[in-house]
Amino acid sequence: MNSRRHFLLKLAVTAPAALGVGLLAQDTPPPAVKLEETDPVAIALGYKMDTTKVDQTKYPQHKPEQMCSNCALVTPGSAAGEFIPCSAFQNKLVSSNGWCMAWVKKPDAPPAPAPAPAPKP
Ligand code: SF4
């Protein structure tokens with residue numbers, strides 16, 4: 001096989017694969033990054049990975065029952081887990097037991113619809 005033909009054959013085989021990888025890369029979200037307590041923005045907002053470790057004298061508005069898992073700023077549609085994306089920190093992963101001074105109560109779930117009445121005999 002001459003080198004030109006070999007080159008064209010190699011291009012025909014590898015180009016679609018490379019294009020496919022490129023398209024997949026566009027659909028794949030960037031890797032999730034955990035928010036560290038040492039992050040400058042986390043420090044500014046008093047973020048702690050454990051809500052029980054929040055300094056009550058510095059943040060008197062903090063209540064023990066407030067944590068990331070019941071905060072409205074968790075990125076909508078994210079799955080519950082040990083670490084969850086937070087919209088206040090550009091979707092970095094925060095501890096579900098964490099807290100920061102941006103905490104906002106997650107709205108209560110709407111009541112379930114009443115069951116349909118049973119058919120009359
Ligand atoms: Fe947690 Fe809410 Fe603060 Fe995000 S904004 S770190 S979810 S308390």
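This tour moves through a predicted model, from its ligand and cavity to an aromatic pair and then to a loop with unusual backbone angles.

**The ligand and its shell**

Begin by selecting the ligand together with the 13 residues around it, among which Cys-68, Cys-71, Cys-86, Phe-89 and Cys-100 come nearest. If you colour this shell by residue class, you will find 13 nonpolar residues, with no polar and no charged ones.

**The cavity**

Keep the ligand in view and turn to the empty space in the protein. Rolling a probe the size of a water molecule over the atoms shows where such space is left. A search of the whole structure finds 1 cavity of 30 Å³ or more, and the volume of the largest cavity is about 90 Å³. Its lining consists of 13 residues, of which Cys-68, Cys-71, Cys-86, Val-94 and Cys-100 are the closest to its centre. By class, this lining holds 13 nonpolar residues and neither polar nor charged ones. Where does the ligand sit? The ligand sits in this largest cavity.

**An aromatic pair**

Next, select the aromatic side chains, which by the rule applied here give 2 aromatic pairs. One of them is formed by Tyr-59 and Trp-99, which meet edge-to-face, with 5.6 Å centre to centre and 65 degrees between the planes. Showing the backbone as a cartoon places the two partners in distant parts of the chain, since Tyr-59 lies in the loop between α2 (40-44) and β1 (83-86), while Trp-99 belongs to the segment after β2 (92-95), 40 residues apart. Are these two residues buried or exposed? Tyr-59 counts as buried because its relative accessible area is 10%, which is under the 20% cut-off, and Trp-99 is likewise buried, with a relative accessible area of 1%.

**The loop between β1 and β2**

Finally, move to the loop between β1 and β2, where Gln-90 is found, as is Asn-91. Most residues other than glycine have a negative phi, which is the background for checking the backbone angles at this stop. Gln-90 is not a glycine, yet has a positive phi of about 55 degrees, and Asn-91, also a residue other than glycine, has a positive phi near 65 degrees. With a surface display switched on, Gln-90 can be seen as exposed, with a relative accessible area of 72%, whereas Asn-91 counts as partly exposed at 41% relative accessibility.

Terms used. Residues numbered from 1 in each chain as written. Predicted model: local features only at pLDDT ≥ 70, side-chain atom pairs only at ≥ 80, totals over all residues. Heavy atoms only, no water. Near = heavy atom within 4 Å. 1 Å grid on protein atoms, 1.4 Å probe; cavity = no way out; pocket = protein on both sides within 12 Å on 5 of 7 lines; lining within 4 Å. Sits in = over half its atoms within 2 Å of the grid points. Nonpolar A, V, L, I, M, F, W, Y, C, P; charged D, E, K, R; others polar. Points joined across faces, edges and corners; volume = space filled by probe spheres on them. Phe/Tyr/Trp six-rings, centres within 6.5 Å; stacked < 30°, edge-to-face > 60°. Helix = DSSP H or I, 4+ residues; strand = E, 2+ residues; numbered from the N terminus. Buried < 20%, exposed > 50% of the residue type's maximum accessible area, 1.4 Å probe, protein only.
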